[in-house]
Amino acid sequence: MTAIFFLIFAGLAVFCAINLVVQTHPIASALSLIGVMGSLAVLYLQLGGEFIAAAQVIVYAGAIMVLFVFVIMLLNAGAESATFQVSRFVKYFGAILLAAFLGLVSFIIQGALPRTEGVIFGAFQGTALDVGRKLFTTYLLPFEATSVLILIAIVGAIVLARKEV
Amino acid sequence: MQNAVPLSWYLILSAILFALGVAGFIFRRNIITVFMSIELMLNAVNLSFVTFSYEFKQVDGHIYSFFVMVVAAAEAAVGLAIILTVFKNRSTLMIDEVNSMKY
Amino acid sequence: MHLWLIPIFPLLGFLANGLFGRRIPKALINTFAVGSVLLSFLWVVKTLLALSPIETKYIEHYFTWIQSGTLNIGVDFAVDRLTAIMLMVVTGVGTLIHIYAVGYMDHEGGYYRFFAYLNLFMFFMLVLVLAQNYLLLFVGWEGVGLCSYLLIGFYFTEQFATTAGNKAFIVNRIGDFGFSLAVFLIVRQFGTLDFSKVFDAAKGMPGEASIGILTTITLLLLVGATGKSAQIPLYVWLPDAMAGPTPVSALIHAATMVTAGVYMTARSATLFMKAPITMDTVAVIGLATAFFAATIGLTQMDIKKVFAYSTVSQLGYMFLGVGVGAFSAGIFHLMTHAFFKALLFLGAGAVIHGLHGEQDLRQMGGLFKHMKITAITLFCASLAISGFPFTSGFFSKDAILVAAYERAPWMYWVGVLTAGMTAFYVFRAWFMAFTGEYRGHAHPHESPLVMTGPLMILAVLSIGGGFINVPHILEPMFAEHAENQALAWLSAGVGIVGILLAVLFYVVKRGMADSVAKAFGGLYTLVYNKYFVDEVYDAAVVEPLIEGSRTVLWRGIDAGLIDGTVNGVGRRSRGIGSILRLIQSGNIRSYAAWVVLGSIVLLLAIGFAGGLR
């Protein structure tokens, strides 16, 4: 089961990523990115990162990507003109070839890497409790530093984006 | 274990996503698309962190991933503000036209 | 005893006048200038009275100047009989000349600067005389050279003055180079520069082994002396040095600085006595210079130039005396020469001052009735320099000539001939200036007392100074030579013949001089143009050096090599920069591409280096 879910969502992630790169209109790219993030959230879940998966959906896909979409709509960004002229062979067979190449490389890498025990859903749980505990003890300083970082980012964003009076 | 997915698969996926992010960064001309490619790269790295966190059965990787997300958020905010300013001044979103730092 | 006060008084005068001279009234400048030298003179008298009779050398050590390995050079002043005579001459004649200069420079610009330099000169000269080691002597040596340059070029707006100053300094430098080499050799040979130590060590050296090194050292010292004391071949700067104000010519180029070479040689007598070859060289150079300069002095028309060549000639006499071993005779002549030569120059200055700047003898004449005191004092000086019986010059010159006869009779005869020429040209100048009809256009007048006062004092010294029996005073240091009355009176007689010839040419039969000059046409032109020595030096030495400097050193090395290298580095940087800047295309995507490329290279490197283990 785990493997099937992995393949589905991994494929979905790769498809969305390719879509992001290939699409001309930014909105399409943004939506593809949301797709990537969603798939990755499922994969995190598989790996036992409950907290991270939730954070991914809420923060990344829910806040950051929304911000992106707002900015795209604000700027009224239109579709890009075609980036380069490619031959028809590349246009139709490019993706398949790339997939074949990547698959081959992956297979070789996998064969070369040592066998570890593999991922079983549920073998590890990165609960919010554990994360919180670690965060507020061992990683307290980075935590506080990031809070300052966010403050700076807020101030910076406001200053940069305000109207000149 | 039959339904165990080899860890290396996650890593390969992370590499593929990262490579795609780089490709998008180099080959796209719209600033916002470039920015989104950067976010894609960050996500790929996050996956890598969580994978290794599973291997060692510790939550440290999750915490690193969390910090990456926080920083990505801050960066997105400020970066988009910059893009807005550039658009206001140059009226263009094509990255090739913002080249006044040419020698 | 505070010997250091002797040079310090003039130094203080220099500082006072140099720093504040612009703002203080002339009377105050005079007080500082003359007062400091006068104080120095009084202190010398006090010191000598306290120390007399000076049997042993009195040394004062102040501090250690250089301490390097085994070499220890201190700042030491010392007084012995030789120093005593020099001190009296320098400060005494110096004071008189300072007083004179107050009157002479009254209408000149740069008044305070003149006296500041003059005081500085006195400081250095006194350091030179009081020094107890070669390095301190060299400090004074160089210092007086510097002041000579400053004072010759005093009228610095005139081209010929600055050129003359340069010439003096540069020619002196050649001599100083020889002197420096000698000092190095002394350090190498004796390990010290202190006079007492060096001379004691030299006395103890075995005869045969030491001759080589001592001859070299003394020959190099001689080179230095020929530069400073204007002997062949480095005398060429002295006639040109007449471009400076006349008190400068009197003080520096007659009485004190130019005698430094003779003093140094006398001081190093122990070294010279052990190098017979050098002694002969000194004597021959001195004699040749004396003769050579006297011939030139016969023809010169500028009154200061006549006396300049006379100085060169008399310095030759001093060197002759020193060279034949009669050190005390040489110093005796140094003292008497200071008296009558200073007087001659100061008197010439009074004449020039009275004629408002005229220096050409052909524009003078019949000045006796206008400037009686000047004329009489100059007459006394002329008698002294001619060796007229019982004047100071008679005693000193004959002491030298007698010693020369003992060494080699031909030296005596040449010296006597030169004495005759000396008498002739000096009286020629006197007759041309003071007798006959006035040929000029100015209104001659007598000089004020501040100028004629020193003239009178020096006249008394010129006539009576010979009775200060210097050879006797210096007897503990240098052996006295036997008297020879016949030779002495013979040379005096030749001097009188010279005077009579001058009377003939310039009083009785005027115009005879010109006809004789025309008769000897070519020879006369040769001598009148100083044997074209300056031109020869110019062509043989100066021009090639300048040319070589210009082409090789300036264009070749400096502009080409050094500038080229430095500029080349700059150009290279700019070149590389202009290539590297192409990376800054302003295109963000190309930057990204470069980043990716860099990261791939990094990953490959890490991978090949064995990973991040």
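Two residues are in contact if their C-beta atoms, placed from the backbone, lie within 7 Å. With that in hand, here are some close-ups of this predicted model.

**View 1. Chain A meets chain B.** The contact takes in 64 residues of chain A and 55 residues of chain B. On chain A, the elements that each put two or more residues into this side are α1 (2-22), α2, α3, α4 (88-112), α5 (128-137) and α6 (140-161). The top contributor on that side is α3(A), with 12 residues. Sort the chain A residues that touch chain B by class and you get 48 nonpolar, 12 polar and four charged.

**View 2. Two helices, one from each chain.** Here we zoom in on helix α3 (residues 50-75) of chain A and helix α3 (residues 60-90) of chain B, whose axes come within 11 Å and cross at roughly 5°. Angles under 35 degrees count as roughly parallel, so α3(A) is roughly parallel to α3(B). On the chain A helix, the residues making the contact include F51(A), I52(A), V59(A), Y60(A), L67(A) and L75(A). Across from them, the α3(B) residues in the contact include H62(B), F66(B), M69(B), L80(B), I83(B) and F87(B). By class, this helix pair brings together 20 nonpolar residues, two polar ones and no charged ones.

**View 3. Helix α2 of chain A, end to end.** This one is a quick ruler check. Helix α2 of chain A covers residues 26-46, which is 21 residues, and at 1.5 Å a residue it should span 30 Å. Its end C-alpha atoms are 30 Å apart, so the two values agree. Look just past the helix for G48(A), which follows α2(A) and has a positive phi, near 90°.

**View 4. Chain B on its own.** Chain B has three helices and zero strands, and from the N terminus on its elements run α-α-α. Of the 103 residues in chain B, 50% are buried. Now take the contacts in chain B between residues at least 6 apart in sequence: 45% of them join residues at least 24 apart.

**View 5. Where chain B touches chain C.** In this patch, 11 residues of chain B are in contact with 10 residues of chain C. The chain B side divides into seven nonpolar, two polar and two charged residues.

**View 6. Inside the largest nonpolar core.** How many residues are in the largest nonpolar core, and which of them touch the most other members? There are 200, and F121(C) and A342(C) are the ones that touch the most. Helix α4 (residues 111-130) of chain C gives the largest share of this core, 18 residues. Leaving out residues up to four places away in sequence, A342(C) touches V93(C), I97(C), A250(C), A254(C), A255(C) and L458(C). Apart from this core lies another one, of 65 residues, with C16(A), A17(A), V22(B) and L42(B) among them.

**View 7. Around T311(C).** T311(C) lies in helix α14 (residues 303-323) of chain C. Is T311(C) buried or exposed? A residue counts as buried if 20 or more other C-beta atoms lie within 10 Å of its own; T311(C) has 29, so it is buried. Not counting residues up to four places away in sequence, T311(C) touches L238(C), H253(C), A254(C), V258(C) and K341(C). Also worth finding in this view is A255(C): it sits 56 residues from T311(C) in sequence, and the two are 9.2 Å apart in space, C-alpha to C-alpha.

How values were computed: Residues are numbered from 1 along each chain as its sequence is written. Chains are lettered from A and ligands numbered from 1 in the order in which they are written. This is a predicted model: local features need pLDDT of at least 70, side-chain atom pairs count only at pLDDT 80 or more; totals for chains, interfaces and linings use all residues. Helices (H or I, at least four residues) and strands (E, at least two) are DSSP runs, numbered from the N terminus. The expected span of a helix is 1.5 Å times one less than its number of residues. Ala, Val, Leu, Ile, Met, Phe, Trp, Tyr, Cys and Pro count as nonpolar, Asp, Glu, Lys and Arg as charged, and the others, Gly among them, as polar. Axes are lines fitted to C-alpha atoms, for helices over the stretch in contact, and angles run from 0 to 180 degrees between N-to-C directions. Angles under 35 degrees count as roughly parallel, over 145 as roughly antiparallel, 65 to 115 as roughly perpendicular and the rest as oblique. A nonpolar core is a set of buried Ala, Val, Leu, Ile, Met, Phe, Trp, Tyr and Cys residues joined through C-beta atoms within 7 Å. A residue is buried if 20 or more other C-beta atoms lie within 10 Å of its own, exposed if 12 or fewer, and partly exposed in between; C-beta atoms are placed from the backbone.
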